[in-house]
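Trainee: I should like to request a close look at one part of this model, the sheet, with its setting in the chain given first.

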Amino acid sequence: MMRAYANNGHSADTLELYALMRRGGVLPNNYTFPFVLKSYASDPKPLARGWEVVHGETVKTGFASDVYVEAALVDVYAKRGQISYARKVFDGMAQRDLVCWTSMITAYEQAEQPQESLMLFCRMHREESLSPDPVAIVSVASAVGQVGDIKSAKSVHAYAIQNGFLGNVCVGNSVVAMYTKCGNIEYAHMAFDRMEERDKISWNSMLSGYVQNGQANEALLLFEQMQDSGCQPNPVTALIMVSACAFLGSRHLGKKIHDYILENEMKVDITLQNALMDMYAKCGNLETASKMFYEIHPKERDVSSWNVLISAYGMHGRGEEALNLYLQMQEKGVAPNHITFTSILSACSHAGLINEGRKCFADMSKLSVTPEVKHYACMVDMLGRAGLLDEAFDLTKSMPASPNDGVWGALLLACRVHGNSELGEIAANNLFQIEPEHPGYYVLLSNIYAASRRWQEVGKLRENMKTRGLSKPAAFSVIEYGQEAIGFHTADKLNPYCGEVSRHMERLVVEMKMRGYLPDRSCVLHDVEDEDKDHILNYHSEKLAVAFGIMRTNAESAITVSKNLRICNDCHSAFKFLSDIYRRRIVVRDANRFHHFQAGSCSCRDYW
């Protein structure tokens with residue numbers, strides 16, 4: 001009876017029958033224990049530590065060394081997250097079969113200890129000469145994905161092909177997910193295309209891979225293919241697509257996917273609700289994000305709900321509202337976590353709330369949240385933006401862990417803003433050791449040198465980049481026009497609107513100059529004449545996008561532009577003039593935050 005219950009997923013009935021059996025004085029044997037332990041492993045709400053009691057009974061009855069009982073013990077401890085206990089039983093086994101090895105390998109993989117998982121897999125192959133089955137390959141592929149080792153990923157894929165495992169949809173899904181986690185979308189898509197059978201997980205794995213690797217447009221195209229294939233999207237699909245729209249910052253697409261969720265009557269749980277709030281905030285619609293937060297019943301809000309809105313206020317430069325929300329969440333009995341502090345420290349940084357940021361950082365130890373490297377990066381960013389460069393540098397030296405690229409990158413950006421070449425060189429040299437192939441750091445140091453007119457150093461850095469095969473990231477700005485997204489590069493000659501927009505931009509510059517606009521030539525980091533600098537400034541990608549918006553969009557609507565890099569001082573100044581001259585609201589999302597220009601001023605109060 002127990003076997004029937006356990007094998008058909010009735011874990012609670014199995015455990016109830018076992019309790020009845022024990023009360024009746026019937027002793028269990030080596031056939032009983034595996035089914036009871038299997039039920040404890042699969043029961044979503046088992047009795048607290050009940051499997052440990054059963055383990056004790058296996059010892060008392062003399063069945064603890066039975067190979068099937070041992071295998072069941074490894075499995076239950078592994079699935080209940082007690083890895084050390086599972087490993088202790090595993091190491092004490094006289095005989096181990098493939099199922100037992102796979103249970104232990106999977107336990108490490110699910111506990112996000114991929115190196116341990118892969119070492120055990122190699123040991124299994126070496127010591128026992130056991131060939132992994134599809135179940136083992138799924139776990140190994142996941143572990144390889146966590147490590148991000150593309151060479152090992154190809155080996156796992158090859159093994160699956162050679163042994164005919166790719167016909168198994170679970171194996172195919174794991175191979176796709178493995179490649180996406182390794183950052184190789186080309187191989188992931190190849191594996192996806194060659195799958196004989198696909199389920200929702202297959203589509204969701206590929207969609208998620210595109211979004212996680214910054215290819216949100218490809219995710220949108222694949223989403224359409226998924227619907228055409230007859231595979232019905234589920235709430236997990238919706239969550240991925242909401243993330244894609246948030247990445248793109250597209251109001252039109254964000255509204256479209258939200259409508260799709262409502263029209264298809266998908267279940268919107270708190271996770272999806274939080275993702276929708278985040279999407280609206282990242283698409284520049286802070287009002288809707290805030291409205292959605294307050295529409296969630298207070299008892300249903302989780303810590304992520306609060307974190308999303310705190311982060312939203314921060315990225316839109318509304319630091320005081322973020323601080324009020326941070327205090328409110330604690331008054332409501334919601335404990336801030338490490339994400340809360342990342343969000344609130346970032347909000348203080350963007351708003352120049354230095355003392356408040358220091359207090360929030362001090363709150364971490366009071367609330368038993370250990371500061372991580374990312375929190376120190378936020379503090380360095382906050383102090384650096386405020387010009388407190390020495391204090392920021394001292395903080396990097398006092399960190400309990402070694403500063404990472406986020407910490408040094410924040411300090412380097414601050415040195416660029418405040419023109420400190422000496423400290424900038426220290427930050428840059430540390431970054432070159434950590435990420436020698438990251439072009440952005442070379443560009444930032446080059447800009448610091450150029451601002452100081454140290455053209456020889458600029459030349460050396462550019463030559464170094466050329467030798468390494470690195471190139472400066474191209475500035476690119478996008479404006480939504482109806483249901484279209486129109487993109488502009490700096491000095492764009494390929495855009496079909498480029499001629500018309502360039503001529504209009506020249507007229508706008510004349511109007512701005514009549515109102516007192518002076519080009520900020522310090523933003524041109526080339527050793528050229530002033531007239532050439534003015535010409536270069538006129539054709540920044542975000543300026544072209546805004547000029548297009550003034551030309552083509554409804555005068556009552558906001559002009560919304562997204563840029564892949566930080567907005568420059570000159571464009572920032574120009575947009576304040578244009579918002580006043582044309583009575584237009586201009587919203588620019590750059591690499592760091594949102595700027596809302598209206599009536600000649602910006603929401604950042606010229607602090608960014």
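Trainee: How many helices and strands does the secondary structure of the chain come to?

Mentor: The model is a predicted one, in which local features need pLDDT of at least 70 and side-chain atom pairs count only at pLDDT 80 or more, whereas totals for chains, interfaces and linings use all residues. Residues are numbered from 1 along each chain as its sequence is written, and side-chain values use heavy atoms, without hydrogens and water.

The chain has 32 helices and 6 strands (DSSP runs numbered from the N terminus: H or I of at least four residues for a helix, E of at least two for a strand). The C-alpha trace spans about 95 × 55 × 55 Å along its principal axes. Of the 608 residues in the chain, 50% are buried (under 20% relative accessible area, with a 1.4 Å probe and protein chains only). Among contacts (heavy atoms within 4.5 Å) with a separation of 6 or more, 61% join residues 24 or more positions apart.

As for the sheet, it is open and contains 6 strands, which follow the order E2-E1-E3-E4-E5-E6 with mixed pairing. Its edges are strand E2, residues 484-489, and strand E6, residues 601-602, each of which pairs on one side only; pairing here requires at least two DSSP bridges between two strands. Strand E1, residues 476-481, is antiparallel to E2, and 6 bridges link the two strands. Within this pair, Ile479 faces Ile486 of E2.
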